[in-house]
Amino acid sequence: MTKPTIKMLSIQLFEFLFVFIILIISSIGYLLIAKKFNIIDKPNERSSHTKITVRGGGIIFPIAILLFSLLNGFAYPYFTVGVLIISIVSFLDDLFTLSSKIRFPFQFLAVFLILIQVSLPFNPIFLFLFYLTFGVGIINMFNFMDGVNGITGLYSIAVLLGFYFLNLNENLIHDDLIIYSLISLVVFGFYNFRKKALFFAGDIGSIVIGMLIFFIGILFTIKLNSPLILLLVIVYGADATNTLLYRKLFTKESVFEPHRHHIYQKLVHVKKISHLKVSIIYACIQLIINVIIYKTYRLEIETQLLIFASLVILFTALYIYLFKKLKT
């Protein structure tokens, strides 16, 4: 690989600045449109916010992905089409609250396109179906965990930084896809990472960022044959999965209903820790795990599986401990 020249770096920096400006203009434009057409999120008794706030600000995430595609020869076309489909459906869900019977078929279609993009073979079919279901679970996990100011943006930055530094070693994906997405998260953070957010990501934001992370994650997992890559979302995964199991096994609530059982919600509502501090805690823990993965993803598969199991057990035990301690 040839070293980048000063001219190449200058062109790249100009490109990133161009993307940054476009995303700023898009965010300002969306904020004005959303206020005019009353695209808002009203708090209820189970919300973590207390004032009416614009929703759907995460629309800048698919805009960043589309900019990447347009400026890079329509790279990853199946993934991009999947993002377009899921963006339209998720934005309609932000506007009208669609039934899961409408949302899920499109989510499965979008994940199917991702699996086609990474060239996952159809055989054995049970493995393909597992990844298909797992992908839908991942994108909904990001949606379920989008509950306090700053958490989606900051946590997603932590995850994407993990992928970025792995990619510096492996060169498995175009760097710009990660960088454009990071830029969009920084712009989003200006509006959302504050005590009183100016807008929320909405379903369009959390679902699309979940799709992006699933796409990069499944590509890295397959190409590197490393199960440890999955741990780049272990903080979210432990909270979301254990909360889902708790609600399924010990409560009579529908798993699709709003609730306050996630650990991040309990830290805010029971311990009265600020939204932003909780978001920082989640991101920092994930960054620590990223370092562990970076140092171990090339080890023998048996060693990786041992590390994987140990961390899953550790985070599950931590969840149970915190859940009991914070239970009200």
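This note goes through the salt bridges of the structure and one charged patch on its surface.

1. The model is a predicted one, and the pairs discussed below should be read with that in mind. Over the whole structure, a search finds 4 salt bridges, and the points that follow take up several of them in turn.

2. One of these salt bridges joins the side chains of Arg 55 and Asp 41, with a distance of 3.7 Å from N to O. Because Arg 55 sits in the loop between β2 (53–54) and α2 (60–71), while Asp 41 belongs to strand β1 (residues 40–41), the pair ties together parts that are 14 residues apart in sequence. As for their surroundings, Arg 55 counts as buried at 18% relative accessibility, and Asp 41 is likewise buried, with a relative accessible area of 18%.

3. Arg 55 also takes part in a salt bridge with the side chain of Asp 94, at 4.0 Å from N to O. Here Asp 94 lies in helix α3 (residues 77–96) and Arg 55 in the loop between β2 and α2, so this pair ties together parts that are 39 residues apart in sequence. Asp 94 has a relative accessible area of 5%, and is therefore classed as buried, the limit being under 20%.

4. Taken together, Asp 41, Arg 55 and Asp 94 are linked in a network of salt bridges. A reader following the structure can find Arg 55 in both pairs, with Asp 41 as its partner in one and Asp 94 as its partner in the other.

5. What do the side chains of Glu 170 and Arg 298 form where they meet? They form a salt bridge, with 3.0 Å from N to O. Glu 170 is placed in helix α6 (residues 151–170) and Arg 298 in the loop between α11 (275–296) and α12 (301–326), so the pair ties together parts that are 128 residues apart in sequence. Glu 170 is partly exposed, with a relative accessible area of 21%, whereas Arg 298, at 60% relative accessibility, counts as exposed.

6. Turning to the surface, Lys 35, Lys 51, Lys 195 and Lys 196 form a positive patch. Among them, Lys 195 is found in the loop between α7 (175–192) and α8 (202–224). With a relative accessible area of 76%, Lys 195 is exposed.

Key. Residues are numbered from 1 along each chain as its sequence is written. This is a predicted model: local features need pLDDT of at least 70, side-chain atom pairs count only at pLDDT 80 or more; totals for chains, interfaces and linings use all residues. Side-chain values use heavy atoms; hydrogens and water are left out. Helices (H or I, at least four residues) and strands (E, at least two) are DSSP runs, numbered from the N terminus. Buried means under 20% relative accessible area, exposed over 50%, partly exposed in between (1.4 Å probe, protein chains only). Patches are made of residues with over 30% relative accessible area and no salt bridge: like charges are joined within 9 Å, nonpolar side chains (Val, Leu, Ile, Met, Phe, Trp, Tyr) within 5 Å. Accessible areas come from the Shrake-Rupley method with a 1.4 Å probe; for residues, only the protein chains shown count as cover. Lys and Arg count as positive and Asp and Glu as negative; His and the chain ends are not counted. The place of a charge is taken as NZ of Lys, CZ of Arg, CG of Asp or CD of Glu.
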